[in-house]
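Student: I should like to learn how the terms used for a protein structure are justified. May we work through one together?

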Amino acid sequence: MLVALILVVVCVGFYGLFRWLVHSNAQCALLWHVGITERVLDVLTRKTRPQRILQAVQRNATKGNPDSVISAVDHYCTNSEWAMNVGDEKGAILDSVVLETNPSTALELGTYCGYSTVRIAKLLPPGTRLITMEMNPECASVARQVIQHAGLQDKVCLVEGASGDLIPRMTAMFGIQTFDFVFLDHWKDRYLPDLKLLETCGLLSAGSVLLADNVICPGTPDYLQYVRNSSKYSSRFYTAHLEYTAVHDGLEKSIYQGETEKD
């Protein structure tokens, strides 16, 4: 009896430690949510994570109501399955930067399932369209349905392809001269190359605002070093947590100052 009790206590202790690590440790959280849980659920449900998120939106969100779509995704990701949306905590920071910027031209790099797209598009002033890029065809398909469910399809233009290929075509495709606001939330190793590509293509003007997600977890050290040390940018870090966890993360807001003689 005593041995059984000790085993129960040990098991409970290990379970508690495991839950704490998954919730609070960056490497454990990403390994568990991306490397293990997602693959298991893909097999069990015969659906992908983006498809499961879409299903949650279709079942629980009111059509034509962006806030309802956002709430449905947040509820699903908090209570059922983690996902790499910007999330509710960092989403509030994203909202405040969009409202403060009040952009007439906006770009999102990395659509995923359309969660941040909905957050941005619902706040844009009349006549402003958000251009969002996604290289994964399945995610793009899901995002289009999420955006339509939110009733924002007329405010969003989703283009499929690699950001490195699409950025130089923005002027030809959409007549865009410069972007007032850019949200970076795609492959982390593309943050810096794509920022430099935006510069090279002349798509940033003095006052253009860039907001980069996940700069701590998984992390974008080369991007942070560049925007924090270049006289082209004035940067501010917003501390927060990795979406739906207690893992330390944050967003970096960088305002483009224009080219200088030093640069």
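Student: What makes the two faces of strand β5 covered or open?

Tutor: Please keep in mind that this is a predicted model. Buried means a relative accessible area under 20%. In strand β5, residues 209-212, Val 209 and Leu 211 on one side are buried, and so are Leu 210 and Ala 212 on the other. Both faces of the strand are therefore covered, because buried residues lie on each side.

Student: How do you know that β4 and β5 pair, and which way do they run?

Tutor: Two strands pair if there are at least two bridges between them. Strand β4, residues 181-184, is joined to β5 by 4 bridges, so the two count as paired. They run parallel. Within this pairing, Phe 183 stands opposite Leu 211 of β5. The chain passes from β4 to β5 through helix α10, residues 191-200, and this β-α-β crossover is right-handed.

Student: What makes β7 a partner of β5 as well?

Tutor: The test of at least two bridges applies here too. Strand β7, residues 248-256, shares 4 bridges with β5, and therefore the strands pair. Their directions are antiparallel. Val 209 has Ile 255 in β7 as its bridge partner.

Student: Why is Arg 52 called buried or exposed?

Tutor: Its relative accessibility is 5%, and the limit for buried is under 20%, so Arg 52 counts as buried. The residue lies in helix α3.

Student: What makes the link between Arg 52 and Glu 81 a polar contact?

Tutor: A polar contact requires a pair of N or O atoms within 3.5 Å, of which one can donate a hydrogen and the other accept it. The side chains of Arg 52 and Glu 81 make such a contact at 2.6 Å, and this value therefore satisfies the distance limit.

Student: Why is Arg 46 called buried or exposed?

Tutor: Exposed means over 50% relative accessible area. Arg 46 has 78% relative accessibility, so the residue counts as exposed. Arg 46 is placed in the loop between α2 and α3. Its phi is positive, about 60 degrees, although Arg 46 is not a glycine. Asn 102 also has a positive phi, near 50 degrees, and is likewise a residue other than glycine. Asn 102 lies in the loop between α5 and β1.

Student: How do you know whether Pro 221 is buried or exposed?

Tutor: Its relative accessible area is 63%, and the limit for exposed is over 50%; Pro 221 is therefore exposed. This residue is found in helix α12, residues 221-229. The C-alpha atoms of Pro 221 and Lys 188 are separated by 9.4 Å, while the two residues are 33 apart along the chain.

Student: What makes the peptide bond from Cys 217 to Pro 218 cis or trans?

Tutor: That bond has omega near 0 degrees and is cis. Pro 218 is found in helix α11, residues 215-219.

Student: Which residues lie nearest the centre of the largest pocket, and how many line it?

Tutor: The lining comprises 37 residues, and Met 84, Tyr 112, Asp 185, His 186 and Trp 187 lie nearest the centre. The volume of this pocket is about 880 Å³. Helix α2 supplies the largest share of the lining, 4 residues.

Student: How is the lining of the largest pocket divided by class?

Tutor: The lining has 16 nonpolar, 12 polar and 9 charged residues.

Note on methods
Residues numbered from 1 in each chain as written. Predicted model: local features only at pLDDT ≥ 70, side-chain atom pairs only at ≥ 80, totals over all residues. Heavy atoms only, no water. Buried < 20%, exposed > 50% of the residue type's maximum accessible area, 1.4 Å probe, protein only. Right-handed = clockwise from strand over helix to strand, strands pointing away. 1 Å grid on protein atoms, 1.4 Å probe; cavity = no way out; pocket = protein on both sides within 12 Å on 5 of 7 lines; lining within 4 Å. Points joined across faces, edges and corners; volume = space filled by probe spheres on them. Nonpolar A, V, L, I, M, F, W, Y, C, P; charged D, E, K, R; others polar.
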